[in-house]
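You asked for a colleague's reading of this model before it goes further. The points below take a few regions in turn and say what the coordinates show there.

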Amino acid sequence: MQMKEPVPFYVLCGSLGAGKTTLLMRLLEHWKQQGRRTGVLMNEAGAVSIDGPRAGTLAEQVLNLAGGCVCCDTKDDLAWGIAQLVQDYASDVIVLECSGMADPAEVVDGLTDVYVSRLTRLERIIALLHPVTTSEGTIEDLVTRHSIRYADDLILNKRDLYVPGHWERFKTVVLEQNPYARLWETSHARLDIPALLQPLQRAALPVPPNVEFGESSSLSFVLAKPKPRHPMILTIKLPGSLDRERFLRWLTQLPEGLERAKGFFRFTKESELQEFQLFPPHTNTIAPVTLLDEPEPVVILIGRDYDQDRCREELLACVERER
């Protein structure tokens, strides 16, 4: 049986109280008008979902991941929820609303799991922010900073509540942290939804990066410091087994911008399937693993501002060619 194409997956993240649920309802209304079967994953920090019933009025199916942050306490439930929405409810688009305490870096890690990526592809990370002060070093501060760094679209919301000087300082700080994302300035999360969801232009690469940006005709946003490519997630399929010595040498030459790597593969002349996990700068594991449903040989890289082409070429040079 032929595998279906992975379902597009959207992540809404950002500050507590920034307007994520308001934007979610606008997205759901748009998809409903298009006849899409939208599946929603609601992640709320409490044991009971408050916003889930609202989303249920427009979505085809809503699953609640309550009782913890999807990045940690309910991370396993994320894979379960995706499988349910795709396989049981035939969702053709999925959106996750993260709790204001959920780290999007960990969410991305969960979505790039080899099995999860068979069902979904990470289409867009949308961060909603408003200029509130958070104490440095707190969970909320960490989540806000990671939301800014990982976002493809930054929506600065509640502009009507702030004086111009305060707002401009807030915008400047955000752009310093992520000069690549599209920037939207809104009140009440009102923006052009079709323009927000417009496919991002892709470069003609054998394996295109997950995040790229191009010019747009919409006047409702500002494109800050445009770049031809903004790599974040790179999936490298391996056409054969790896030479162990060359691979270990490759690990010592990884660029600073790489934040995470993982995969499954075999080494030449070794029968065991290997699971690979890397948490730079110092922690990596390569260990034999036995799986009932063996995945394709692959390595997934997650990072910012690193040379994708070089990483791909040097890793593929570790593949043992057939003689």
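1. Two strands are taken to pair if DSSP finds at least two bridges between them. By that criterion, in this predicted model, strand 9 and strand 13 (residues 298-303) pair in the antiparallel sense, with five bridges between them. Within this pairing, L234 stands opposite L301 of strand 13.

2. The wider setting of that pair is an open sheet of five strands, which follow one another in the order 9-13-10-11-12 with antiparallel pairing. Strand 9 (233-237) and strand 12 (283-288) stand at the edges, and because each has a single partner strand, one side of each is left without a neighbour in the sheet. On average, and with direction ignored, neighbouring strands of this sheet are turned by 10° against each other.

3. Helix 9 (residues 244-251) packs on this sheet, where it touches strand 10 (258-265), strand 11 (274-279), strand 12 and strand 13, and its direction makes about 160° with that of strand 12. Aromatic residues deserve a look as well: F247, W250, F265, F267 and F276 are linked into a cluster by ring pairs.

4. The structure holds nine aromatic pairs. For Y162 and W167, the ring centres are 6.3 Å apart and the planes stand at 40°, so this pair is tilted. W167 has 2% relative accessibility and therefore counts as buried.

5. W167 is also among the residues touched by N157, a list that, leaving aside residues up to four places away in sequence, further includes A18, G19, L129, H130, P131, T186, S187, H188 and A189. N157 lies in the loop between strand 6 (153-156) and helix 7 (164-177). Is N157 buried or exposed? Its relative accessibility is 2%, under the 20% cut-off, so N157 counts as buried. A polar atom of the N157 side chain lies 2.8 Å from the backbone nitrogen of A189.

6. What span should helix 1 (residues 20-33) have, and how far apart are its end C-alpha atoms? At 1.5 Å a residue, the 14 residues should span 20 Å, and the end C-alpha atoms are 20 Å apart, so the two values agree. The buried residues of helix 1 are K20, T21, L23, L24, M25, L27, L28, H30 and W31. As background to reading such a list, an α-helix has 3.6 residues a turn, so residues three or four places apart point the same way. Helix 1 is followed by G35, which has a positive phi near 80°.

Methods
Residues numbered from 1 in each chain as written. Predicted model: local features only at pLDDT ≥ 70, side-chain atom pairs only at ≥ 80, totals over all residues. Heavy atoms only, no water. Helix = DSSP H or I, 4+ residues; strand = E, 2+ residues; numbered from the N terminus. Buried < 20%, exposed > 50% of the residue type's maximum accessible area, 1.4 Å probe, protein only. Polar contact = N/O pair within 3.5 Å; in protein donor to acceptor, adjacent residues only side chain to side chain. Contact = heavy atoms within 4.5 Å. Phe/Tyr/Trp six-rings, centres within 6.5 Å; stacked < 30°, edge-to-face > 60°. Expected span 1.5 Å × (residues − 1). Axes fitted to C-alpha atoms, helices over the stretch in contact; angles between N-to-C directions.
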